[in-house]
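Biologist: Could you take me through this model with care, setting each term beside its definition as we go?

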Amino acid sequence: MSEVGRIAVVGGGVVGLSVAWWLAAAGYPTTLVDPRPKRGASWVAGGMLAPVTESWPGEEDALELGRASLDQWPEFAARLTRAGGDPGLRHEGTLALAMDSADVGTLAMLADHLRDRGREVHRLSGRELRGLEPTLGSSVRSGLHVPGDLAVDNRALLTALHAACVRSGVEFVTVSADTVHPGGVELTDKSTVECAVVVIAAGAWSGALHPALHGLVRPVKGEILRLRTRRGALPVPTRTIRAHVESRPIYLVPRVDGELVLGATQQDVGFDEDVTAGAVRDLLRDAERVLPGIAEYALTETAAGLRAGSPDNLPLIGELEPGVLVASGHHRNGLLLAPITAAAVLSLVREEELPERLRAACPSRFGVEVPT
Ligand SMILES: Cc1cc2nc3c(=O)[nH]c(=O)nc-3n(C[C@H](O)[C@H](O)[C@H](O)COP(=O)(O)OP(=O)(O)OC[C@H]3O[C@@H](n4cnc5c(N)ncnc54)[C@H](O)[C@@H]3O)c2cc1C
């Protein structure tokens with residue numbers, strides 16, 4: 001183990017908790033700074049681990065990074081189950097649905113793109129899709145089955161990561177960070193957490209913590225609904241369902257206990273966490289086209305979260321200056337990318353070379369001065 005002293009991780013969403021757990025489990029004394037750990041966008045997220053159906057031509061780096069992290073998920077989840085609790089990993093895959101002729105063409109393109117990259121994907125008729133998921137509506141025309149996608153219960157994941165951190169000896173400081181610099185984290189109560197290395201993992205709020213991140217990380221609002229099947233209502237599907245309804249993307253991610261997460265809007269509107277009536281209306285109306293039985297479900301929660309966007313939608317994982325690392329900008333894929341991010345930060349702390357595919361996430365691509 002390299003001789004570094006204490007490591008401070010700023011931010012206790014899925015990224016910060018994964019990084020802190022990984023570092024502490026590797027033997028580094030670790031402090032996690034967050035006034036409200038286990039919340040942030042991670043608390044709101046859908047739970048898809050879906051690099052394939054999130055991928056489009058031109059986004060090859062994101063697909064490859066996502067695939068590499070997806071491959072690490074089963075081992076990450078198994079280790080987490082032993083260390084902190086079961087994150088509820090699901091293996092049933094995704095159905096991407098076409099609702100009109102434009103969608104049929106778009107999905108055909110996506111299927112070709114994915115096959116060209118060696119991914120498993122099956123084209124299915126509306127009838128075949130309803131054979132797999134009998135509660136799908138009659139307006140579903142055709143679609144793709146992507147068996148390799150996984151899903152996770154984001155809240156079970158956060159609980160398990162938090163427990164794993166506690167058991168590995170991570171120290172929690174529940175005060176906001178004001179700024180970070182080599183050697184320490186300045187807190188809003190005017191105290192300082194002294195450390196040898198700081199990892200900025202504060203999601204959409206990371207931009208305010210270090211000058212190199214100003215203007216690079218921005219909030220991207222997403223609204224989401226949680227529903228629950230009731231006695232007499234149809235069961236929730238077993239697979240993640242994705243569709244475009246009148247060009248609006250929606251997804252439905254089932255949980256084992258009869259909950260269904262319905263998302264999500266995507267807007268660049270700054271630090272706004274209100275759920276609007278229009279978003280609830282659109283999401284429910286679009287979901288009913290896909291899954292008519294949803295009208296009988298109980299609507300249990302509406303929520304908004306702030307994804308951390310970067311200019312090219314790839315994360316920022318790397319060194320900003322000696323002693324200051326960043327692990328942020330995970331945008332729509334922070335849950336998916338948690339294992340690869342935690343492993344990358346551990347490698348950076350150990351001063352090991354990162355795998356080639358992580359070069360695409362290096363902050364130097366935006367002209368941030370990275371020491372060689
Ligand atoms: C509606 C929606 C659906 C999504 N669905 C998916 C999905 O299905 N799959 C997927 O992979 N990703 C999904 N995402 C994206 C995913 O949620 C994020 O990429 C991920 O949660 C980012 O994790 P994070 O730890 O970087 O940030 P967050 O989870 O936002 O955590 C940031 C943490 O930093 C803390 N913090 C902020 N400022 C400070 C400060 N000054 N000092 C100390 N702490 C601070 C906050 O309290 C918070 O706990 C979704 C996002 C949204 C909004």
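Modeller: Let me begin at the ligand, where a backbone N or O atom of V15 lies 3.0 Å from an oxygen atom of the ligand. This is a predicted model, in which local features need pLDDT of at least 70 and side-chain atom pairs count only at pLDDT 80 or more, while totals for chains, interfaces and linings use all residues. Residues are numbered from 1 along each chain as its sequence is written, and side-chain values use heavy atoms, with hydrogens and water left out.

Biologist: What makes the approach of V15 to the ligand a polar contact?

Modeller: A polar contact is a pair of N or O atoms within 3.5 Å; within protein, one must be able to donate a hydrogen and the other to accept it, and residues adjacent in sequence count only if both atoms are side-chain atoms. For V15 the distance to an oxygen atom of the ligand is 3.0 Å, so the pair falls within the 3.5 Å limit. A backbone N or O atom of L336 is likewise 3.0 Å from an oxygen atom of the ligand, and for A177 a backbone N or O atom lies 2.8 Å from a nitrogen atom of the ligand.

Biologist: Which residues come nearest to the ligand?

Modeller: Of the 39 residues around the ligand (those with a heavy atom within 4 Å of it), the nearest are D34, S42, M48, A177 and H331.

Biologist: Why are α1 and α8 called oblique to each other?

Modeller: Helices here are DSSP runs of H or I with at least four residues, and strands are runs of E with at least two, numbered from the N terminus. Helix α1 (residues 14-25) packs against helix α8 (residues 338-349) at an angle of about 50 degrees, with the axes 8 Å apart. Angles under 35 degrees count as roughly parallel, over 145 as roughly antiparallel, 65 to 115 as roughly perpendicular and the rest as oblique, and α1 and α8 are therefore oblique. Their contact (heavy atoms within 4.5 Å) includes V14, V15 and W22 of α1 and A338, T341 and V349 of α8.

Biologist: What makes α3 roughly perpendicular to α8?

Modeller: The angle between α3 and α8 is about 90 degrees, and their axes are 7 Å apart, which makes α3 roughly perpendicular to α8. Among the residues in this contact are L65, Q72 and F76 of α3 and P339 and I340 of α8.

Biologist: How do you know that α3 is oblique to α6?

Modeller: The axes of helix α3 (residues 60-83) and helix α6 (residues 154-168) come within 9 Å and cross at roughly 60 degrees, and that makes α3 oblique to α6. The contact is made by residues including W73, F76 and R82 of α3 and L157 and R167 of α6.

Biologist: What makes K190 and the bond between G263 and A264 worth pointing out?

Modeller: Most residues other than glycine have a negative phi, and most peptide bonds are trans. K190, in the loop between β10 (184-187) and β11 (192-194), has a positive phi near 75 degrees. G263 and A264 are joined by a cis peptide bond with omega about -10 degrees, and A264 is in the loop between β16 (259-263) and α7 (277-290).

Technical notes: Axes are lines fitted to C-alpha atoms, for helices over the stretch in contact, and angles run from 0 to 180 degrees between N-to-C directions.
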